[in-house]
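Work through the following exercises with the sequence and the 3D view side by side, and try each task before you read its solution.

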Amino acid sequence: MGKTVICPGSFDPVTYGHIDIITRAANMFDRVIVGVFVNMDKKPNFDIEERIGFLRRTVGHLPNVEIVGFDGLLANCAKECGASAVVRGLRAVSDFEYEFQMALTNKKLNPDLETVFLASDAQYTYLSSSIVKNVASFGGDITNFVPECIHDEIFERLNRKGKN
Ligand code: ADP
């Protein structure tokens with residue numbers, strides 16, 4: 001039986017850092033579910049359909065990748081879609097404490113669920129969706145952060161400078 005994993009996140013919006021993790025997971029495992037979650041702690045700039053749309057345009061061509069919206073506990077969603085592991089990217093020590101806590105919580109809730117951490121590619125360790133939002137909101141250049149096919153839509157939505 002093939003190995004299914006889930007790459008969960010807010011992806012608000014997807015960046016080159018996410019794309020790198022998803023692509024590497026797709027090379028390692030048979031089936032990768034990219035789980036787009038409603039995160040109660042964060043108010044998203046893009047609604048879930050938009051975030052899924054950006055992912056479809058950037059990683060939708062990978063044959064073993066599926067993009068699915070979820071609203072609920074990751075431990076349950078993983079079980080529902082037959083995933084035996086969660087794949088998360090680790091950028092720096094600052095990510096570690098939260099990620100370790102989540103991994104242990106998910107294991108408690110679903111003892112069959114492992115968490116696999118992939119070290120961020122060195123060129124993307126600084127990159128996050130928040131960086132994209134901050135830079136674009138001041139009209140800054142985000143061409144190094146997100147692919148060309150979604151760039152304009154993201155930039156135009158977030159750029160507050162262009163709206164005054
Ligand atoms: P969350 O809201 O769950 O933290 P994100 O959308 O911020 O979701 O991130 C989803 C996943 O992608 C997480 O595992 C995160 O660590 C990883 N990730 C985000 N940016 C990068 C990056 N630049 N390099 C490697 N992994 C990243």
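**Exercise 1. Find the place of Pro13, and then describe the peptide bond from Asp12 to Pro13.**

Solution. Pro13 has its place in the loop between E1 and H1, where helices (H or I, at least four residues) and strands (E, at least two) are DSSP runs numbered from the N terminus. Next, look at the peptide bond that leads from Asp12 to Pro13: this bond is cis, with omega near 0°. Phe11 also lies in the loop between E1 and H1, and although Phe11 is not a glycine, it has a positive phi of about 50°.

Before going on, note that this is a predicted model, in which local features need pLDDT of at least 70 and side-chain atom pairs count only at pLDDT 80 or more, while totals for chains, interfaces and linings use all residues. Residues are numbered from 1 along each chain as its sequence is written, and side-chain values use heavy atoms, with hydrogens and water left out.

**Exercise 2. Work out which polar contacts of the ligand involve His18, Arg88 and Tyr124.**

Solution. A polar contact with the ligand is a pair of N or O atoms within 3.5 Å. Begin with the oxygen atoms of the ligand: one lies 3.1 Å from a polar side-chain atom of His18, and a polar side-chain atom of Arg88 lies 3.2 Å from an oxygen atom of the ligand. Then turn to Tyr124, whose polar backbone atom is 2.8 Å from a nitrogen atom of the ligand.

**Exercise 3. Identify which elements give two or more residues to the shell around the ligand.**

Solution. These elements are strand E1 (4–9), helix H1 (16–28) and strand E4 (85–90). The largest share, three residues, comes from H1.

**Exercise 4. Describe the salt bridge between Arg24 and Asp20.**

Solution. A salt bridge is a side-chain nitrogen of Lys or Arg within 4 Å of a carboxyl oxygen of Asp or Glu. In the one between Arg24 and Asp20, the closest N and O atoms are 2.8 Å apart. Both residues lie in helix H1, four residues apart, which is about one turn of the helix. Side chains of opposite charge can pair when their charged atoms come close. A search of the whole structure finds eight salt bridges.

Key
Polar contact = N/O pair within 3.5 Å; in protein donor to acceptor, adjacent residues only side chain to side chain.
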